[in-house]
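Trainee: I have a new protein model to learn. Can we go through it together, step by step?

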Amino acid sequence: MRIKYKKCLWLSCGVVGLILLLIISCNVWVVWNAKGRTYNGISETHTTSLGLVLGTSPITPRGIHNGSFDNRIKAASELYMAGKVKKLIVSGGDYTATERFGCDEPKSMRDSLISNGVNPEDIFMDYEGTTTIRSLAKLKYYYGYSDTITIISQGYHNQRALAMADRLELPAIAFDADVPPNRFYKVKNYIRESLARVKMLYSLYLLDPPSALSFSSDDKEEFVEFM
């Protein structure tokens, strides 16, 4: 009985070790892949025609203010005012009817950018970017955009987004918005992000990414005119 218990213990430890090794390996690869392509200083950032602000809500699912939203808006506005991006696309979903504290993410981001001095004519709203991969895939496959973009989000998110852009063969760099200073928030998001990277690599290389047929909006011509 004791020998059987020890075997089960060793087996459990081995499984846990393999899972931890998988998580660590995926995270190391994502960080390495993004090296040299993420920026946090305006002056050192390369200039691109289009900045992609990845969707987030000004209100968290718990109904409190979302500091990540403010920081993404601030980063996008500063890049725009410095001429580092000529136009901005805000990508997200409208959750006003489906979630208790749901918001219209593209509209919220657009309104906040305008209040920070961005010309409304230089902002395009994409309502089908409900996930990071959909935001990028729609830009590449549906809108047909192939120039280098600047992805704007928090650093841990940008690293994952760059891996997705590479898989879609969409040239990209990223600008890291500040992470809210709350320590609990940082720990929670880094843990969640570590697991999300494993899921992302599985989805990217074992499943097909969204194609042009995955999108149903009729705003393609509008985007072409916008650019």
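**A walk through the model**

Mentor: Glu 221 sits in helix α7, which spans residues 220-226. Keep in mind that this is a predicted model.

Trainee: Is Glu 221 buried or exposed?

Mentor: Look at its relative accessibility, which is 64%. The cut-off for exposed is over 50%. Glu 221 therefore counts as exposed.

Trainee: Which residues gather with Glu 221 in a patch of negative charge?

Mentor: The patch lies on the surface. Glu 221 is one of its members. The others are Asp 218, Glu 222 and Glu 225.

Trainee: Which helix gives the most to the nonpolar patch?

Mentor: Start with the members: Trp 29, Trp 32, Tyr 202, Tyr 205, Leu 206 and Leu 207. Together they make a surface patch of about 710 Å². Helices α1 (2-34) and α6 (183-206) each supply at least two residues. With three residues, the top contributor is α6.

Trainee: Is Tyr 202 buried, partly exposed or exposed?

Mentor: Tyr 202 lies in helix α6. Its relative accessible area is 46%. Buried means under 20% and exposed means over 50%, with partly exposed in between. So Tyr 202 is partly exposed.

Trainee: What does Asn 27 touch, leaving out residues up to four places away in sequence?

Mentor: Asn 27 belongs to helix α1. Asn 27 is buried, because its relative accessible area is 13%, and buried means under 20%. Its contacts, with those sequence neighbours left out, are Ser 194 and Arg 197.

Trainee: Why is helix α4 largely enclosed by the rest of the structure?

Mentor: Helix α4 covers residues 132-142, eleven residues. Its buried residues include Ile 133, Leu 136 and Tyr 142, and Lys 138 and Lys 140 are among them too. The helix is largely enclosed because the number of buried residues is nine of the eleven.

Trainee: What phi does Gly 144 take?

Mentor: Find the end of α4 and go on along the chain. Gly 144 comes just after that helix. Its phi is positive, about 75°.

Trainee: How many helices and strands does the protein have?

Mentor: Read the elements from the N terminus: α-β-β-α-β-α-β-α-β-α-β-α-α. Count each kind. The result is seven helices and six strands.

Trainee: How far apart do the centres of the positive and negative side chains lie?

Mentor: The protein has 27 positive side chains and 24 negative ones. Each set has its own centre. The two centres lie apart by 15 Å.

Key
Residues are numbered from 1 along each chain as its sequence is written. This is a predicted model: local features need pLDDT of at least 70, side-chain atom pairs count only at pLDDT 80 or more; totals for chains, interfaces and linings use all residues. Side-chain values use heavy atoms; hydrogens and water are left out. Patches are made of residues with over 30% relative accessible area and no salt bridge: like charges are joined within 9 Å, nonpolar side chains (Val, Leu, Ile, Met, Phe, Trp, Tyr) within 5 Å. Accessible areas come from the Shrake-Rupley method with a 1.4 Å probe; for residues, only the protein chains shown count as cover. A salt bridge is a side-chain nitrogen of Lys or Arg within 4 Å of a carboxyl oxygen of Asp or Glu. Lys and Arg count as positive and Asp and Glu as negative; His and the chain ends are not counted. The place of a charge is taken as NZ of Lys, CZ of Arg, CG of Asp or CD of Glu. Helices (H or I, at least four residues) and strands (E, at least two) are DSSP runs, numbered from the N terminus. Buried means under 20% relative accessible area, exposed over 50%, partly exposed in between (1.4 Å probe, protein chains only). Contact means heavy atoms within 4.5 Å.
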